[in-house]
Amino acid sequence: MPLIKSISGIRGTIGDDNNENLSPVNIKKFVISYCEWILSINKKVDELRIVTGRDGRESGHKIHKLVNKTIISCGINVLDLGLSTTPSVGFSIPRTKSHGGIMITASHNPKEWNALKLLNENGEFISKEAGELIIEKANNFKIEAFKKEKIGNINYKEAYYKSHIEEILKIPFLNLNRIKSKNFKVVIDGINSTGGIAIPYLLDKLNINCIELNCTPDGNFAHNPEPLKENLKQLCESVKLNSADFGIAVDPDVDRLVFVDEKGEVFGEEYTLVVCADYILNKTPGNTVSNLSSTRALSDITKKYGEKYFSSSVGEVNVVKIMKENNAVIGGEGNGGVIYPKTHYGRDALIGIVFFISHLVEKNIPVSELKMNYPQYYMNKNKVELSENTNTNYLLKKIENFYKNEKINKEDGLKIDFKESWAHIRKSNTEMILRIYTEAKTMDKAKSLSREIVKKIKEI
């Protein structure tokens with residue numbers, strides 16, 4: 001697969017081909033370019049520090065060492081969190097008065113991939129403008145021109161996710177005592193990454209009996225790491241086998257969150273944010289935000305509280321931008337990503353777990369019944385592989401012509417809104433694919449709409 005450079009970082013398969021892989025040369029070029037950007041915006045600061053962390057991938061340890069050495073070669077200090085979660089790295093940056101962060105994770109990509117996620121001094125993904133500048137620097141980088149006299153230092157702060165969790169549990173309106181009194185039994189699928197150490201720690205704090213599934217952070221993913229229904233069969237079976245109250249699944253860097261109900265049925269990643277928003281809106285009413293590929297149910301719930309819902313382009317940085325502009329009290333993405341701005345502007349499965357369980361005990365009903373409290377939509381997620389010479393703009397323009405009489409949004413790819421359904425077609429930022437998301441009142445209708453669009457794409 002070709003190396004993918006985007007505003008959030010650099011992502012690729014592990015290898016030595018500088019054109020095709022996330023190679024040592026590419027890592028150095030990208031990290032140095034990021035460090036030069038950090039230096040350029042902090043010219044008056046004598047001592048700079050960048051936080052680094054990694055998920056459980058096999059390649060993570062070696063890449064982490066290379067990233068740290070490259071940062072200190074730029075004269076910048078490193079705070080190494082070791083095995084961590086993306087939200088914990090983001091959470092730590094302002095609290096340790098650091099100036100940026102690099103999380104080594106390829107998120108939901110298979111284990112042969114890895115990536116560098118780049119964060120700013122607030123613990124948020126860097127802006128589009130900063131990302132483009134760093135990519136340009138990396139593309140034109142010449143190692144012979146790189147000279148720095150100062151060498152930075154490395155300090156280590158292992159298991160920072162514990163401090164992150166302790167801070168989450170201080171949120172005043174959480175139903176902690178009621179949760180602890182329930183003596184829940186929960187199965188957690190940690191995909192053999194850092195969720196396998198962080199989430200059991202959180203559940204223990206909540207007096208929840210945790211049954212661990214794939215919780216050794218060695219990067220040997222037991223299944224495709226994207227927390228979708230088709231990849232969670234083992235979790236669903238384990239919930240039923242152990243008569244558990246529910247199950248929890250995350251992706252390798254713990255910024256996406258999915259639940260399984262007591263019957264072994266996937267609650268749906270789209271409804272993770274909906275439940276958390278329902279809980280927060282009941283405590284602190286305000287606006288909400290999700291991306292264009294997320295369920296309409298969030299908009300419905302927000303309107304129920306008399307508040308306003310806003311949509312954004314896909315991508316955490318885009319959601320955060322719209323959240324800030326509209327003073328949203330909660331937001332996120334329909335892939336199971338929950339953003340609660342009072343803690344930090346980043347998708348955080350750990351805080352999503354606490355909100356979800358707090359809402360569950362407040363309603364005092366099983367997870368399966370909780371789902372029935374919300375507008376019922378069904379989403380189908382499809383994709384079409386692209387070749388490098390595919391003209392995506394031409395393709396989307398032709399599809400737009402088929403549906404020119406419907407409500408069209410071209411802010412991010414192409415979204416077509418029908419009366420009781422919608423379709424969103426866009427090129428992925430992280431893979432060479434075209435994503436086709438459809439939602440309707442029944443799964444049959446969502447799948448039918450998806451098939452119709454894929455057929456048109458193949459015809460074009």
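**Notebook: the α1/α4 pair and Ser-294**

I looked at two helices to begin with, and α1 passes α4 in a right-handed crossing. Worth noting up front: I'm working from a predicted model.

I checked which stretches these are: α1 covers residues 24-41 and α4 covers residues 128-139. Their axes sit 8 Å apart, and the packing angle comes out at about 130°. That angle makes α1 oblique to α4, because it falls neither over 145 (roughly antiparallel) nor within 65 to 115 (roughly perpendicular).

Next I pulled up the residues that meet. From α1 I get Lys-29, Phe-30, Ser-33, Tyr-34, Glu-36 and Trp-37. Across from them, α4 brings in Ala-130, Leu-133, Ile-134, Ile-135, Lys-137 and Ala-138. I sorted the residues of this contact by type and got 8 nonpolar, 1 polar and 3 charged.

Then I moved on to Ser-294. I found it in the loop that runs between β13 (287-291) and α10 (297-304). Is Ser-294 buried or exposed? Its relative accessible area is 5%, which is under the 20% cut-off, so I put Ser-294 down as buried.

What does the side chain of Ser-294 make a polar contact with? I found the side chain of Asn-291, at 2.9 Å. I also noted that a polar atom of the Ser-294 side chain lies 2.8 Å from the backbone nitrogen of Gly-334.

Last, I listed what else touches Ser-294, skipping residues up to four places away in sequence: Glu-270, Glu-333, Gly-334, Met-379 and Trp-422. Gly-334 thus shows up in my notes on Ser-294 both as a touching residue and through its backbone nitrogen.

Methods. Residues are numbered from 1 along each chain as its sequence is written. This is a predicted model: local features need pLDDT of at least 70, side-chain atom pairs count only at pLDDT 80 or more; totals for chains, interfaces and linings use all residues. Side-chain values use heavy atoms; hydrogens and water are left out. Axes are lines fitted to C-alpha atoms, for helices over the stretch in contact, and angles run from 0 to 180 degrees between N-to-C directions. Helices (H or I, at least four residues) and strands (E, at least two) are DSSP runs, numbered from the N terminus. Angles under 35 degrees count as roughly parallel, over 145 as roughly antiparallel, 65 to 115 as roughly perpendicular and the rest as oblique. A crossing is left-handed if the near helix is turned anticlockwise from the far one by less than a right angle, and right-handed if clockwise. Contact means heavy atoms within 4.5 Å. Ala, Val, Leu, Ile, Met, Phe, Trp, Tyr, Cys and Pro count as nonpolar, Asp, Glu, Lys and Arg as charged, and the others, Gly among them, as polar. Buried means under 20% relative accessible area, exposed over 50%, partly exposed in between (1.4 Å probe, protein chains only). A polar contact is a pair of N or O atoms within 3.5 Å; within protein, one must be able to donate a hydrogen and the other to accept it, and residues adjacent in sequence count only if both atoms are side-chain atoms.
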